[in-house]
Amino acid sequence: MLPGGKPDAGESAAETAVREVREELSIDLEPAALQPIGVFRAAAANEPGFAVESTVFVHPPVPVSQPAAEIEELRWQSLDEPYPTDLAPLLAEHVLPVLSGRQPGA
């Protein structure tokens, strides 16, 4: 599952991304470096019967040392290896396929 959350009142998707990454990973992203890759909708990972819609961005690599807030663990996923079965649907069905150049769902 990616860091993320709901926007605060009046907050743009990019501002939400910067705030959520700061809260969940203790990292300050450069807002101007965010590049949107899409708006995706998928089944919610931890709420059966619900869906999430997320605006997803890429950012140049930054050092990540440990999770914070509600993030329990960090994992790195190679884009050219099979995806683990425990990934959130948004990540497995949409984000990783886009990043790897695969068609979502293929």
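This note goes through a predicted model of one protein chain, from its overall form to single residues.

1. Overall make-up. The protein chain holds two helices and two strands, and, read from the N terminus, these elements follow the order α-β-β-α. The radius of gyration is 14 Å, close to the 13 Å that the globule rule gives for 106 residues, so the protein chain is as compact as a globular protein of that length. Along the principal axes, the C-alpha atoms fill a box of roughly 35 × 30 × 25 Å.

2. Surface and contacts. Of the 106 residues in the protein chain, 28% are buried, while the accessible surface comes to about 7,300 Å², with 54% of that area belonging to carbon and sulfur atoms. Among contacts with a separation of 6 or more, 39% join residues that stand 24 or more positions apart.

3. The annotated span. An unreviewed UniProt entry carries the annotation "domain: Nudix hydrolase" for residues 1–100; this label comes from the record and is not derived from the model. Within the model, residues 1–100 are 25% helix and 17% strand, and the C-alpha atoms at the two ends of the span lie 17 Å apart.

4. Helix 1. This helix covers residues 13–25, with Glu 20 among its members, and its 13 residues reach 18 Å from the first C-alpha to the last, close to the 18 Å expected at 1.5 Å a residue. The buried residues of helix 1 are Thr 16, Ala 17, Val 18, Arg 19, Glu 20, Val 21, Glu 24 and Leu 25, and strand 2 is included in what covers them. Just after the helix comes Ser 26, whose phi is positive, near 60 degrees.

5. Glu 20, a charged residue to look at. Is Glu 20 buried or exposed? Its relative accessibility is 7%, and because the cut-off for buried is under 20%, Glu 20 counts as buried. Leaving out residues up to four places away in sequence, Glu 20 touches Gly 4, Gly 5, Lys 6 and Leu 25.

6. The segment before helix 1. Pro 3 sits in this segment and, with a relative accessible area of 29%, is partly exposed. Apart from residues up to four places away in sequence, Pro 3 touches Val 21, Glu 24 and Leu 25, and these three also appear among the buried residues of helix 1. The C-alpha atom of Pro 3 is separated by 15 Å from that of Ala 42, which stands 39 residues away along the chain.

7. Helix 2. For the 12 residues of helix 2 (residues 89–100), a rise of 1.5 Å a residue gives an expected span of 16 Å, and the end C-alpha atoms are 16 Å apart, which agrees. Its buried residues are Pro 89, Leu 90, Leu 91, His 94, Val 95, Leu 96 and Pro 97, and their cover includes strand 1 (35–43) and strand 2 (51–58). Helix 2 is followed by Gly 101, which has a positive phi, near 85 degrees.

8. The largest nonpolar core. Which residues make up the largest nonpolar core? There are nine in all: Phe 40, Ala 42, Val 56, Tyr 83, Leu 87, Leu 90, Leu 91, Val 95 and Leu 96. Strand 1 and helix 2 each supply at least two residues of this core, and the largest share, four residues, comes from helix 2. A second, separate core has eight residues, including Val 18, Val 21, Leu 34 and Ile 71. As a general background to both, nonpolar side chains tend to be buried together in soluble globular proteins.

9. Phe 40 within the larger core. Which residues does Phe 40 touch, not counting those up to four places away in sequence? The contacts are with Val 52, Glu 53, Ser 54, Val 56, Leu 90, His 94, Val 95 and Val 98. Of these, Val 56, Leu 90 and Val 95 are members of the largest nonpolar core along with Phe 40, while His 94 is listed with the buried residues of helix 2.

10. The loop between the strands. Glu 47 is found in the loop between strand 1 and strand 2, and a relative accessible area of 47% makes this residue partly exposed. Computed along the sequence, Glu 47 and Ser 12 are 35 residues apart, and in space their C-alpha atoms are 25 Å apart.

Definitions and conventions: Residues numbered from 1 in each chain as written. Predicted model: local features only at pLDDT ≥ 70, side-chain atom pairs only at ≥ 80, totals over all residues. Heavy atoms only, no water. Expected span 1.5 Å × (residues − 1). Buried < 20%, exposed > 50% of the residue type's maximum accessible area, 1.4 Å probe, protein only. Contact = heavy atoms within 4.5 Å. Core = buried A, V, L, I, M, F, W, Y, C linked by side-chain atoms within 4.5 Å. Rg over C-alpha atoms; globule rule 2.2 N^0.38 Å. Areas by Shrake-Rupley, 256 points an atom, 1.4 Å probe, with all protein chains shown as cover.
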